[in-house]
Amino acid sequence: MSDYDNPYAPASGGQMSGTVTFGDKQPAAGASGGGAGLAGGELIVDTTTAGFTADVIEASRDVTVLVDFWAPWCGPCKQLTPIIEKAVRDSNGRVKLVKLNIDDHPAIPGQMGIQSIPAVVAFSGGKPVDGFMGALPESQIREFIDKVAGPPAKSEEEDQVEQVLAQSREALAAGDVETAARGFGAILQMDQGHVGAIVGMAGCMLAAGELDRTEKLLSGVPEEDRKDPEVLSVFKRLEMAREVADLGDPVELEARLATNPADHEARLKFAKILNAQGYREAAADELFTIMRKDRQWEDEAARKALLEFFQAWGPTDPATLSARRQLSSLLFS
């Protein structure tokens with residue numbers, strides 16, 4: 001949900017401002033005044049006008065409190081209730097939920113300008129900080145909770161996995177395939193579906209030339225994860241590795257180019273072989289040579305090959321960044 005659609009979103013660079021009053025009578029801090037109260041650690045409670053200070057304002061100084069403004073006649077409220085209650089229970093205490101029936105207790109929603117329900121407002125530090133209206137799907141409610149209360153704390157095991165993953169990636173980038181494979185393998189022993197470790201191990205297998213094993217391993221990557229640049233990169237590298245086997249002998253291709261520098265077909269194949277061998281900058285240079293001589297050759301085959309290189313290398317690889325700058329300069333010169 002964007003801030004543009006969200007009437008409770010904070011102003012840029014700040015928090016929501018809001019004051020909730022109760023006429024001449026202010027309940028003492030800690031007195032629920034008829035609300036179920038959060039002092040006992042309940043995650044989900046009902047409150048009243050008199051109990052709002054203790055159940056929401058004071059409680060939000062210790063934990064983020066979500067206030068659900070609802071009414072018995074509201075159909076979307078009934079849709080939202082089980083979804084938001086489940087998300088709150090799954091939050092591991094990062095948020096609590098306080099429910100206020102606006103029919104029985106209209107004063108506070110009136111003061112806060114609640115004009116449509118269901119409406120959920122998050123309080124932190126005694127103030128409203130964000131909110132949303134309508135019966136959102138569970139995924140968006142969980143995103144909202146992460147936004148107002150912070151992401152869930154990582155376990156010691158999760159921290160360890162991230163460290164091993166980072167170290168293994170560094171080892172693979174440095175060419176230490178054996179060390180990298182040990183690290184990725186250790187993660188996969190704990191979690192066979194860990195996409196980062198699967199992709200890393202696939203990279204190790206590619207480096208060892210084990211294309212069939214790479215393909216088999218990558219088959220376990222869920223479809224929804226295959227658009228991630230890191231995942232896309234290893235799939236593209238596997239595709240290129242299989243193509244290279246049919247491109248011919250690089251020595252023969254170099255001989256053809258020495259005889260005829262305008263042999264773009266030989267140069268394109270040679271560029272792909274160089275890329276497969278890890279000579280990224282040299283591979284890009286060969287493609288730029290084709291583009292400088294005949295940019296439109298074979299329906300811009302050289303430019304298209306370079307874009308495939310970018311996919312294989314990843315968007316942040318130094319070779320990608322350098323070649324993108326050169327490509328922009330060439331296309332717009």
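Q: What is the expected span of a helix, and which distance separates the end C-alpha atoms of helix 5?
A: The expected span of a helix is 1.5 Å times one less than its number of residues, where helices are DSSP runs (H or I, at least four residues) numbered from the N terminus. This is a predicted model, in which local features need pLDDT of at least 70 and side-chain atom pairs count only at pLDDT 80 or more, while totals for chains, interfaces and linings use all residues. Residues are numbered from 1 along each chain as its sequence is written, and side-chain values use heavy atoms, with hydrogens and water left out. The 18 residues of helix 5 (residues 156–173) should span 26 Å, and the distance between the end C-alpha atoms agrees, being 26 Å.

Q: Within what arc do the buried residues of helix 5 fall?
A: Buried here means under 20% relative accessible area and exposed over 50%, with partly exposed in between (1.4 Å probe, protein chains only). In helix 5 the buried residues are Val161, Leu165, Ser168 and Ala171. They line one face of the helix, because, with the arc taken over directions from the helix axis to the C-beta atoms, the buried residues of helix 5 fall within 130°.

Q: Which helices do the buried residues of helix 5 pack against?
A: On the other side of helix 5, Glu156, Gln167, Glu170 and Ala173 are exposed. The buried residues, with contact meaning heavy atoms within 4.5 Å, pack against helix 6 (177–190) and helix 7 (195–207).

Q: Is Leu327 buried or exposed?
A: Leu327 is found in helix 14 (residues 318–331). With a relative accessible area of 8%, Leu327 is buried.

Definitions and conventions:
Helices (H or I, at least four residues) and strands (E, at least two) are DSSP runs, numbered from the N terminus.
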